[in-house]
Amino acid sequence: MAKGFGVSPITNTIYYGTQDPKKHMWTGKKENVTDDAIGAVYEWFIGNMDGKEEYSITYPDTEFELVMRRKK
């Protein structure tokens, strides 16, 4: 068993708790950390803006990009 993050495909909720990686299941208690996780990523992006108008990252082996832009 290992502690980790995961997203429920049914509720689109981000959880943190104990997981069984072989069964791809939560075991025991899990905690909804959606707002905290999104807030932390938002602050991380702001910290990387450093005077830029836009900052983006990609995740390996995906076709997606996360982008933060300054409001106009």
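Where is Ser8 found? Let's start there, everyone, and then walk through the rest of the protein together. One thing to keep in mind as we go: what you see above is a predicted model.

So, Ser8. This residue is found in the loop between β1, which covers residues 2-7, and β2, which covers residues 14-20. Is Ser8 buried or exposed? Its relative accessible area is 15%, and the cut-off for buried is under 20%, so Ser8 counts as buried. And which residues does Ser8 touch, if we leave out those up to four places away in sequence? The answer is Thr13 and Tyr15.

Let's step back and look at the whole chain. The protein has one helix and five strands. If you read along the sequence, the pattern is β-β-β-α-β-β. Try tracing that on the structure above.

Now for overall shape. How does the radius of gyration look beside that of a compact globule? A compact globule of 72 residues would come in near 11 Å, but this protein has 15 Å. Along the principal axes, the C-alpha atoms fill a box of roughly 45 × 25 × 20 Å. Of the 72 residues, 21% are buried. The accessible surface adds up to about 6,400 Å², and carbon and sulfur atoms account for 54% of that.

Here is another way to look at the fold. Take the contacts with a separation of 6 or more; 4% of them are between residues 24 or more positions apart. For one example of a distance, consider Gly39, which is found in helix α1, and Thr18. These two are 21 residues apart along the chain, and their C-alpha atoms are separated by 22 Å. Gly39 has a relative accessibility of 27%, so this residue counts as partly exposed.

Next, the aromatic rings. How many aromatic pairs does the count come to? Five. One of them is Trp44 with Phe45, an edge-to-face pair with 5.4 Å from centre to centre and 90 degrees between the planes. Trp44 is partly exposed, at 42% relative accessibility, whereas Phe45 is buried, at 5%. Phe45 also pairs with Tyr55: their ring centres are 5.9 Å apart and their planes sit at 75 degrees, so this pair is edge-to-face too. Why does the pair of Phe45 and Tyr55 tie together separate parts of the chain? Because Phe45 lies in helix α1, residues 34-49, while Tyr55 lies in strand β4, residues 54-58, so the pair joins parts that are 10 residues apart in sequence. Put these together and you have a cluster of Trp44, Phe45 and Tyr55, linked by ring pairs.

Remember Tyr15, one of the residues that Ser8 touches? Tyr15 has another partner to show you. The charged end of Lys30 sits over the ring of Tyr15, at 5.0 Å from the ring centre.

Let's stay with charges for a moment. Side chains of opposite charge can pair when their charged atoms come close. In this protein the count comes to one salt bridge. The partners are Arg69 and Glu54, whose side chains meet at 2.9 Å, N to O. Arg69 lies in strand β5, residues 65-69, and Glu54 in strand β4, so the salt bridge ties together parts that are 15 residues apart in sequence. Arg69 is exposed, with a relative accessible area of 57%, while Glu54 is partly exposed, at 40%.

Before we finish, have a look at two backbone angles. His24 has a positive phi of about 55 degrees, although this residue is not a glycine. His24 lies in the loop between β2 and β3, with β3 covering residues 25-32. With a relative accessible area of 73%, His24 is exposed. Asp50 also has a positive phi, near 40 degrees, and is likewise a residue other than glycine. Where is the place of Asp50? In the loop between α1 and β4. At 69% relative accessibility, Asp50 counts as exposed.

To wrap up, here are a few things to find on the structure above. Look for Ser8 in the loop between β1 and β2, the ring cluster of Trp44, Phe45 and Tyr55, and the salt bridge of Arg69 with Glu54. Thanks for listening!

Notes: Residues are numbered from 1 along each chain as its sequence is written. This is a predicted model: local features need pLDDT of at least 70, side-chain atom pairs count only at pLDDT 80 or more; totals for chains, interfaces and linings use all residues. Side-chain values use heavy atoms; hydrogens and water are left out. Helices (H or I, at least four residues) and strands (E, at least two) are DSSP runs, numbered from the N terminus. Buried means under 20% relative accessible area, exposed over 50%, partly exposed in between (1.4 Å probe, protein chains only). Contact means heavy atoms within 4.5 Å. Rings of Phe, Tyr and Trp (its six-membered ring) pair if their centres lie within 6.5 Å; planes under 30 degrees apart count as stacked, over 60 as edge-to-face and the rest as tilted. A charge sits over a ring if NZ of Lys or CZ of Arg is within 6 Å of the ring centre and within 35 degrees of the ring normal. The radius of gyration is taken over C-alpha atoms; the globule rule is 2.2 Å times the number of residues to the power 0.38. Accessible areas come from the Shrake-Rupley method with a 1.4 Å probe; for residues, only the protein chains shown count as cover. A salt bridge is a side-chain nitrogen of Lys or Arg within 4 Å of a carboxyl oxygen of Asp or Glu.
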